Amino acid sequence: EARAFDARIRERVAAGFVPDVRRAVKCEYFYKSFWRDPQFVDLYVTGGIRIMLDFLRTYAVAGARVLDAGCGTGYVGLELARNGYRVKGVDISVESVQVAGRMRDENPFVDGFGSLDYEVCEFQRAAGTFDVVLFSGVLHHLDDLERAVDKARSLLAADGLLICREPCHRGWRQQDAAQVA
């Protein structure tokens, strides 16, 4: 699966994809994705991140240590770090982690920036103690959800938060699909 993710991210970046919600650009490569247009990115991706940030502000400690499991190109972790969180992203895709690191290094929004590190690593091999373990659009890629949750629990500090966010297309209405199209 890592090789497939590597090939996909190389193709997307070559087509002009910028995986940063604040610096997204129009990208015709995405014929049926919110990444096609910055306005869609703001509505869908950034909207979801705003909900996550509200949740973290309410339930997590300020500057919480966050493990972004299956971080991909890192746009969620980047936005969390921009909001003062200390984020570690792990992913099995070498190419995705390299792109995520480049987006972090090119980030012009540094006021209030927490920290952000990336590692090429299978989630089951992740180490450390975190206030939050985040799965954002990742669980549907994992074979053994119970094992993943057990691993997440082992990484959480006392009173830590496990956040899981998955796409749910079943609840989409026709007007939602029309908006994305």
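**View 1. Strand 4 and strand 5 run side by side.** Six bridges join strand 4 to strand 5, and the two strands run parallel. This model is predicted. In one spot along the pair, Ser 136 faces Arg 165 of strand 5. The two strands also belong to a right-handed β-α-β unit. Its helix is helix 5, residues 145–155. Strand 4 is mostly covered: seven of its seven residues are buried.

**View 2. Five strands build an open sheet.** The strand order is 3-2-1-4-5, and the pairing is parallel. Which strands stand at the edges? They are strand 3 (115–120) and strand 5 (156–165). Each has a single partner strand, so one side of each is left without a neighbour in the sheet. From one strand to the next, the twist averages 20°.

**View 3. Strand 1 has strand 2 as a parallel partner.** Strand 1 covers residues 65–69, and strand 2 covers residues 86–91. Five bridges hold this pairing, in the parallel sense. Look for Arg 65: its bridge partner in strand 2 is Arg 86.

**View 4. Strand 1 also pairs with strand 4.** These two strands run parallel and are joined by four bridges. Find Ala 69 here. Opposite Ala 69 stands Phe 135, in strand 4.

**View 5. Helices pack on the sheet.** Helix 2 touches strand 4 (130–136) and strand 5. The direction of helix 2 makes about 160° with that of strand 5. Helix 4, residues 94–105, packs on the sheet as well. Which strands does helix 4 touch? Its contacts are with strand 2 and strand 3. The direction of helix 4 makes about 160° with that of strand 3.

**View 6. Aromatic rings gather in one cluster.** The structure holds eight aromatic pairs. One of them is Phe 34 with Trp 35, a tilted pair. Their centres are 6.2 Å apart, with 50° between the planes. Is Phe 34 buried or exposed? Phe 34 counts as buried, because its relative accessibility is 19% and the cut-off for buried is under 20%. Trp 35 is buried too, with a relative accessible area of 6%. Both rings belong to one aromatic cluster, along with Phe 17, Tyr 29, Phe 30, Tyr 44 and Tyr 75.

**View 7. Trp 35 meets Tyr 75 edge-to-face.** The ring centres of Trp 35 and Tyr 75 are 4.9 Å apart. Why is the pair called edge-to-face? The planes stand at 70°, so the pair is edge-to-face; that label needs an angle over 60 degrees. The pair links distant parts of the chain, 40 residues apart. Trp 35 sits in the loop between helix 1 (2–14) and helix 2 (38–59). Tyr 75 lies in helix 3, residues 75–82. Tyr 75 is partly exposed, at 23% relative accessible area.

**View 8. Two arginines sit over aromatic rings.** Arg 22 lies over the face of Phe 109, at 4.9 Å from the ring centre. Which ring lies under the charged end of Arg 165? The ring is that of Tyr 44, with its centre 5.9 Å away. Tyr 44 is also part of the aromatic cluster, and Arg 165 is the residue that Ser 136 stands opposite in strand 5.

How values were computed:
Residues numbered from 1 in each chain as written. Predicted model: local features only at pLDDT ≥ 70, side-chain atom pairs only at ≥ 80, totals over all residues. Heavy atoms only, no water. Phe/Tyr/Trp six-rings, centres within 6.5 Å; stacked < 30°, edge-to-face > 60°. Buried < 20%, exposed > 50% of the residue type's maximum accessible area, 1.4 Å probe, protein only. Lys NZ or Arg CZ within 6 Å of the ring centre and 35° of its normal. Pairing = 2+ DSSP bridges. Axes fitted to C-alpha atoms, helices over the stretch in contact; angles between N-to-C directions. Contact = heavy atoms within 4.5 Å. Right-handed = clockwise from strand over helix to strand, strands pointing away.
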